[in-house]
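Open the model in your viewer and keep the sequence panel beside it. The stops below go from the core to the helix pairs and then to single residues.

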Amino acid sequence: MFLETSLSGAASLSAAASLSAAASLSAAALAIAAFPFGLIIGSFLNVVILRFPEQLKNSWRRESEDFLGLAPESDEAQETLSLSKPASRCPGCGVPIKPWHNIPVISYILLRGKCTACSTPISIQYPLVELLSGVATAFIVYQFGLSLTAGYCLIFTWVLIALTGIDFREQLLPDQITLPLLWLGLFANLNGTFVPLNEAVIGALAGYLSLWSVFWLFKLITGKEGMGYGDFKLLAALGAWMGWQMLPLIIILSTFVGALVGIVGLLMKTREKQVPMAFGPFLAMAGWIALIWGDKILGSYLSVFGL
């Protein structure tokens, strides 16, 4: 009887180990399959980062001209610019980029980072954004599988990458992106996907008002604007996704990394003291870390103090 029980237990353990190994293999296979998909999304995000701010500027210019009664500029390229048109071209010589020269990451390596027609250097932004999107997509699929949570996390990640690129280049966080991100966070939490809805609503309010208060306090003291309103809206969106409890962690992480980057830049003389630095990329990075590992970080912190 004892021998039969031992054999049965061993068989159960073996079956459990086999299932665990199969699950790990399946998750790894999904992640590998998701990686090239993430690269393709990253290629599209590059288009958003480069073209969407130009679309906004063109729209603002036309509205200003209409309001002031000025004759519109006869620039057809600006009039027809969209995320899909015109086709991608070399910024140096204007030669259209062939489809086989537009393969994410691979084309950059094969072309050695230069245009085939005029040898103009291709910005390192293109492969970096593609790789970041590919790795993040694979990681999320590995962590959450093919689930609704994974779908929300992927959208969250891709939007943050786009906002990071735009803010880094233009010091702009468009309402057309930050506000839909906020509403999607509230929608995702209708059924408590990440946090209960009441915590998400409070998180959105607290996220906006916290940075808004810092903005006005800094302005009253110094007479200068320390950040943009887009930062308020981005933190509100992060609060809508993760609830008010994660806001202190996001603020601390983003402030620490932002200060560290700023100090290093000044010491290495890569940036001037009076040149403003975009805060959105640091908020985005801290928000992504909080979404994935926030509970573990807070749990570890509280356990240190026996709470």
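A nonpolar core here is a set of buried Ala, Val, Leu, Ile, Met, Phe, Trp, Tyr and Cys residues joined through side-chain atoms within 4.5 Å. The model on screen is predicted.

**Whole chain**

Start with a cartoon view of the chain. It has 10 helices and zero strands, in the order α-α-α-α-α-α-α-α-α-α along the sequence. Colour by accessibility next: 35% of the 307 residues count as buried. Among contacts with a separation of 6 or more, 69% join residues 24 or more positions apart.

**The core**

Select F156, L160, L181, L234, L238, M242 and I250. These are the residues with the most contacts inside the largest nonpolar core, which has 57 residues. To see where that core comes from, colour the elements that give two or more residues to it: α1 (2-68), α4 (125-144), α5 (148-170), α6 (175-188), α7 (197-222), α8 (229-242), α9 (247-267) and α10 (280-304). Which element gives the largest share of this core? It is α5, with 12 residues. As a general background, nonpolar side chains tend to be buried together in soluble globular proteins.

Now centre on M242. Leaving aside residues up to four places away in sequence, M242 touches F156, V195, I250, G287, A290 and L291.

**α4 against α5**

Show α4 and α5 alone. Their axes are 10 Å apart and the helices pack at an angle of about 160°. Angles over 145 degrees count as roughly antiparallel, and α4 and α5 are therefore roughly antiparallel to each other. Their crossing is right-handed.

Add side chains at the contact. From α4, select Q125, V129, L132, S133, A136, T137, I140, V141 and F144; from α5, select T149, A150, C153, L154, T157, W158, I161 and R169, which they meet. By class, the residues of this contact are 11 nonpolar, five polar and one charged.

**α5 against α8**

Keep α5, hide α4 and bring in α8. The axes of α5 and α8 are 13 Å apart, and the packing angle is about 165°. This pair, α5 and α8, is therefore roughly antiparallel too. In which hand does α5 pass α8, left or right? The crossing is left-handed.

On the α5 side, pick Y152, F156, L160, L163 and D167; they meet D231, L234, L238, W241 and M242 in α8. The contact of α5 with α8 contains eight nonpolar residues, no polar ones and two charged ones. Several names recur from the core selection: F156, L160, L234, L238 and M242 are among the residues with the most contacts inside the core.

**α8 against α9**

Swap α5 for α9. The axes of α8 and α9 come within 10 Å and cross at roughly 140°, and the two helices are therefore oblique to each other. The crossing of α8 past α9 is right-handed.

Select L235, L238, G239 and M242 in α8 together with L247, I250 and I251 in α9, the residues that meet across this pair. They divide into six nonpolar, one polar and no charged. M242 also appeared in the contact of α5 with α8, and its touch with I250 belongs to the set listed for M242 above.

**A threonine in α6**

Go to T178, in helix α6. Is T178 buried or exposed? T178 is buried, because its relative accessible area is 1%. Residues up to four places away in sequence aside, T178 touches L163, L173, K233 and A237. One of these, L163, was selected earlier in the contact of α5 with α8.

**Two loop residues with positive phi**

Finish with two backbone stops. Select V105 in the loop between α2 (76-80) and α3 (106-110). V105 has phi near 65°, a positive value in a residue other than glycine. V105 is buried, with a relative accessible area of 13%.

Then move to Q171 in the loop between α5 and α6. Phi of Q171 is near 55°, again positive in a residue other than glycine. Q171 is partly exposed, with a relative accessible area of 43%.

Note on methods. Residues numbered from 1 in each chain as written. Predicted model: local features only at pLDDT ≥ 70, side-chain atom pairs only at ≥ 80, totals over all residues. Heavy atoms only, no water. Buried < 20%, exposed > 50% of the residue type's maximum accessible area, 1.4 Å probe, protein only. Helix = DSSP H or I, 4+ residues; strand = E, 2+ residues; numbered from the N terminus. Contact = heavy atoms within 4.5 Å. Axes fitted to C-alpha atoms, helices over the stretch in contact; angles between N-to-C directions. Parallel < 35°, antiparallel > 145°, perpendicular 65-115°, else oblique. Left-handed = near helix turned anticlockwise from the far one by under 90°. Nonpolar A, V, L, I, M, F, W, Y, C, P; charged D, E, K, R; others polar.
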